[in-house]
Amino acid sequence: LIKLERYNIMPSSRAPVVLNVAEKPSVARALAQVFSRMDGSVDRPMRRGAAQVFVSDNVRFPSVLRQGDGRPTNGPDVPHTMITTSVRGHLSNKDFGAGYGWGS
């Protein structure tokens, strides 16, 4: 788990925070570049450690709190803090119960 305090990447505002976890580092870099090119977005310096962590503030799109329920997301775009990182290595086992519907 990434500890936000450790990387000093706590949200700079009360905007919703979205954690994006890519399948590999190159995909995380590409996604972070998309966020950085959006009008009004502000990048913070990338953090390096065991994982690369990219942070973009003021990335504007329909509120994540209004998405996913099948209704139109009418309304203004709102700022979000986007934190992007990736995983490394290979999955060797799964630990999801039958309730998730992810079987072998």
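Is aspartate 57 buried or exposed in this model? Keep that in mind while you get your bearings; the tour comes back to it shortly.

**The whole chain**

What you have open is a predicted model. Colour it by secondary structure and you should find 1 helix and 4 strands. Going along the sequence, they come in the order β-α-β-β-β. Of the 104 residues in the protein, 27% are buried. Now switch on a surface: the protein exposes about 7600 Å², and carbon and sulfur atoms supply 53% of that area. As for contacts between residues at least 6 apart in sequence, 58% join residues at least 24 apart.

**Stop 1: aspartate 57**

Select aspartate 57, which sits in strand 3, residues 53-61. Here is the answer to the opening question: aspartate 57 counts as buried because its relative accessibility is 9%, and the cut-off for buried is under 20%. Show side chains and add arginine 44 to the selection. The side chains of aspartate 57 and arginine 44 make a polar contact at 2.7 Å. For another distance to try, pick the C-alpha atoms of aspartate 57 and glycine 40: they are 8.7 Å apart, with these positions 17 residues apart along the chain.

**Stop 2: asparagine 58**

Step along to asparagine 58, also in strand 3. Check its backbone angles: phi is positive, about 60 degrees, and this residue is not a glycine. Most residues other than glycine have a negative phi. Asparagine 58 is partly exposed, with a relative accessible area of 27%.

**Stop 3: strand 4 and its partners**

Next, select strand 4, residues 78-86. It is mostly covered, with 7 of its 9 residues buried. Which way do strand 3 and strand 4 run relative to each other, parallel or antiparallel? They are antiparallel, joined by 6 bridges. To see the pairing up close, pick phenylalanine 54, which stands opposite threonine 84 of strand 4.

Now bring in strand 1, residues 17-22. Strand 1 and strand 4 run parallel, and 6 bridges join them. Here the pair to click on is valine 18 and methionine 82, which stand opposite each other.

**Stop 4: asparagine 20**

Stay in strand 1 and select asparagine 20. Why does it count as buried? Its relative accessible area is 16%, so it falls under the 20% cut-off. Show what surrounds it: leaving out residues up to four places away in sequence, asparagine 20 touches Leu31, Phe35, Met82, Ile83, Thr84 and Thr85. Met82 is the residue you just saw opposite valine 18.

**Stop 5: serine 86 and valine 87**

Go back to strand 4 and pick serine 86. At 12% relative accessibility, serine 86 is buried. Beyond its neighbours within four places in sequence, serine 86 is in contact with Val21, Ala22, Lys24, Pro25, Ala28 and Gln52.

Then move to valine 87, in the segment after strand 4. Valine 87 is partly exposed, at 45% relative accessible area. Turn the surface back on and add Leu19 and Val21: together with Val87 they make a nonpolar surface patch of about 270 Å². Val21 should look familiar, as it is among the contacts of serine 86.

Note on methods
Residues numbered from 1 in each chain as written. Predicted model: local features only at pLDDT ≥ 70, side-chain atom pairs only at ≥ 80, totals over all residues. Heavy atoms only, no water. Helix = DSSP H or I, 4+ residues; strand = E, 2+ residues; numbered from the N terminus. Buried < 20%, exposed > 50% of the residue type's maximum accessible area, 1.4 Å probe, protein only. Contact = heavy atoms within 4.5 Å. Areas by Shrake-Rupley, 256 points an atom, 1.4 Å probe, with all protein chains shown as cover. Polar contact = N/O pair within 3.5 Å; in protein donor to acceptor, adjacent residues only side chain to side chain. Patch = residues over 30% accessible without salt bridge, like charges linked within 9 Å, V, L, I, M, F, W, Y side chains within 5 Å. Salt bridge = Lys/Arg side-chain N within 4 Å of Asp/Glu carboxyl O. Pairing = 2+ DSSP bridges.
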